[in-house]
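Visitor: I am new to this structure and should be grateful for a short introduction.
Guide: Please look at the sequence and the structure together.

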Amino acid sequence: MTDTKLAYQLADTVLLKKPHACQVNNWEVLRLGADIRLKCMGCGHILMMPRADFNKRLKKILTKANDPVNKKLEHYLPKENIACYT
């Protein structure tokens with residue numbers, strides 16, 4: 001069985017089912033493991049959630065890591081800078 005939800009990687013921007021309090025659904029993946037660290041692309045808020053919860057809430061992958069579209073976003077952190085950030 002192939003699950004397309006497992007196709008996300010570090011520094012991808014993803015769309016979750018429900019918006020954050022700032023009314024933005026876009027999140028950047030900052031850490032992968034048993035827990036996943038996400039950063040809101042609207043306000044910069046960072047949270048961690050268990051991978052199982054993340055897989056339930058994931059709607060789709062918006063952009064892959066280091067996509068030129070991401071550089072226009074205010075709170076985006078490039079993949080090469082994430083290691084020193086976490």
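The conversation below takes up confidence, the nonpolar cores and the cysteines.

Visitor: Where in the protein is confidence lowest?
Guide: This is a predicted model, in which local features need pLDDT of at least 70, side-chain atom pairs count only at pLDDT 80 or more, and totals for chains, interfaces and linings use all residues. Residues are numbered from 1 along each chain as its sequence is written, and side-chain values use heavy atoms, leaving out hydrogens and water. The average pLDDT (the predictor's confidence in each residue, from 0 to 100) is 84. Confidence is highest in strand 4, at 95, and lowest, at a mean of 64, in helix 2 (residues 79-85).

Visitor: Which strand gives the most to the largest nonpolar core?
Guide: A nonpolar core is a set of buried Ala, Val, Leu, Ile, Met, Phe, Trp, Tyr and Cys residues joined through side-chain atoms within 4.5 Å, where buried means under 20% relative accessible area, exposed over 50% and partly exposed in between (1.4 Å probe, protein chains only). The largest one has 11 residues, including Leu16, Trp27 and Cys40. Two or more residues come from each of strand 1, strand 2 and strand 3, strands being DSSP runs of E, at least two residues, and helices runs of H or I, at least four, numbered from the N terminus. With three residues, the most is given by strand 3.

Visitor: Why is Cys40 in no disulfide with Cys22?
Guide: A disulfide is a pair of cysteine sulfur atoms within 2.5 Å. Cys40 is buried at 0% relative accessibility, and Cys22 is partly exposed at 31%. Their sulfurs are too far apart for a bond, because the distance from Cys40 to Cys22, its closest, is 3.4 Å.
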